[in-house]
Every structure is written in C-alpha cells, then in structure tokens.
Amino acid sequence: MADYSDSIEDALAAREAAKLPVPDEVQEAVKTLLRWSGEDPDREGLLDTPKRVARAWKEYCEGYNENPAIHLARTFEEVGGYDELVLLKDIPFHSHCEHHMAPIIGKASIAYMPTDRVVGISKLARVLHGFARRLQVQERLTAEVAQCIWDNLKPHGVAVVVEASHSCMTARGVRTPGVGMTTSRLLGCFLEDARSRKEVMSLMGY
Ligand SMILES: [Zn+2]
C-alpha cells in the first residue's frame, strides 16, 4: 500500500514555504530576539535570517493547518481475514516543546489491532507528523496520536510509545546530552489484556 502522493505533497509544501511572504513585524520579532541574544541583526550573515527563521517556523508548525484524522479517512476493508496487530516501528519525528520552542527529536512506534479496516501503513506516520508539527509536550503528543487512531479506525486496541530527546534539556538547563524520555499510551485490548500488551511491547522492542 505504498502511497507516493505523500512525498509529492511534502515537496510541494516545502516549495510553498520557501516563497512565503514574511510580514515586517515577524521579521522584526526575529531581529529583536537576535539582539536580545547578543547579536547584531544587521551584520551580513544575518541579513536574511529573520525571513528564513519565520519560514522555518511555518514548516515546524504546519500541523496547525491540518486535521491529522484526514489521513485515516481512506481505509481498506479487504484485509483477507487478517486480524492480528499492525505495527509501524521507530518512525522518526521532529517536534518543538511548547515551553522553550526547542527541538524535540525522537521516534515513535505505533500499533493497532484492527477490527474490520486497516489504513495504508504510511498514514500512521502522517498522523504522528500532523501532531508533531506543532508546539507540543511529549505526553500530549503520545496521547493525541493514540486517540486519533482510536477514534477513527475504531480498532480493538492502540499502542503508542514515543522516545525523544528534548533540546531544552540536552542543550540548556541541566545539559544532559543523551538523556531520552519515554512515554506511552495504551488503549483497548493493549490496556486491558496483559498478553496483548506483552506482545505489542516485545514487538516494539521493549
Ligand atoms: Zn522545553
């Protein structure tokens, strides 16, 4: 169920972002931050930085322009009697923490136990990215991805495990490089049935 429309969509979105006009007040805001950090926003190397930063932020936050549930709208009911779990493992993602607007870099494993329908496997990553491309806290990101799959696919169970490192912790504050945070959200059979939970966690590598 490869879906090439996804990568075309991405390329078009990146091209749109590259030519997006940036209002003066937004550029001024970035210049103010540069000055506050001890920089001279008028030096040559920084002249185009306000525009670049502004456009980059539109990309980091492009999840605000979409409802991730749309990726789960097209389902396949012809599953050939398959009723075991579906797992997409170690999906890389980028997000930004809402407390410092600093990068959160990590990977997520997403599993569900289908009832009567499945989605193209890339769509699980789309849902993750739809929620990750916003200002987030890891706990909420994990819960939102799980809930979206739960509400839209109505599966027997959903399991989402997210592992990430937070730049606000690794590059500032307590400065602990290499430290990762793990969060999980289990719903339905993965929450209620110990055997299903054990199976999904071991397939995810936990
Ligand atoms: Zn933070």
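Helices α2 and α3 are roughly perpendicular to each other, a class that takes in angles of 65 to 115 degrees. Their axes, which are lines fitted to C-alpha atoms over the stretch in contact, come within 8 Å and cross at roughly 105°. Helix α2 covers residues 24–36 and helix α3 covers residues 49–60. The contact is formed by V26, Q27, V30 and K31 on α2 and by T49, P50, K51, V53 and A54 on α3; two residues are in contact if their C-beta atoms, placed from the backbone, lie within 7 Å. By class, this contact has five nonpolar, two polar and two charged residues. Ala, Val, Leu, Ile, Met, Phe, Trp, Tyr, Cys and Pro count as nonpolar, Asp, Glu, Lys and Arg as charged, and the others, Gly among them, as polar.

The model is predicted: local features need pLDDT of at least 70, side-chain atom pairs count only at pLDDT 80 or more, and totals for chains, interfaces and linings use all residues. Residues are numbered from 1 along each chain as its sequence is written.

**Overall architecture**

The protein chain holds eight helices and five strands, defined as DSSP runs (helices H or I, at least four residues; strands E, at least two). From the N terminus their order is α-α-α-β-β-α-β-α-β-α-β-α-α. The C-alpha atoms fill a box of roughly 65 × 40 × 20 Å along the principal axes. An automatic or database assignment gives domain 1 (5–60) and domain 2 (63–204), with C-alpha centres 29 Å apart. Of the contacts with a separation of 6 or more, 71% join residues 24 or more positions apart. Buried residues make up 25% of the 206 residues; a residue is buried with 20 or more other C-beta atoms within 10 Å of its own, exposed with 12 or fewer, and partly exposed in between.

**The annotated site**

The unreviewed UniProt entry carries a "binding site" annotation on C97, H100 and C168; such annotations may be inferred rather than shown by experiment. These residues span 72 residues in sequence, yet no two of their C-alpha atoms are more than 7.9 Å apart, so they gather at one spot. Both cysteines are set out below.

| Residue | Element | C-beta neighbours within 10 Å | Class |
|---|---|---|---|
| C97 | strand β1 (residues 86–97) | 18 C-beta atoms | partly exposed |
| C168 | helix α6 (residues 167–170) | 16 C-beta atoms | partly exposed |

Leaving aside neighbours within four places in sequence, C97 is in contact with A102, I104, Q136, V137, H166 and C168. On the same basis, C168 is in contact with C97, H99, H100, A102 and G173.

Terms used
Axes are lines fitted to C-alpha atoms, for helices over the stretch in contact, and angles run from 0 to 180 degrees between N-to-C directions. Angles under 35 degrees count as roughly parallel, over 145 as roughly antiparallel, 65 to 115 as roughly perpendicular and the rest as oblique.
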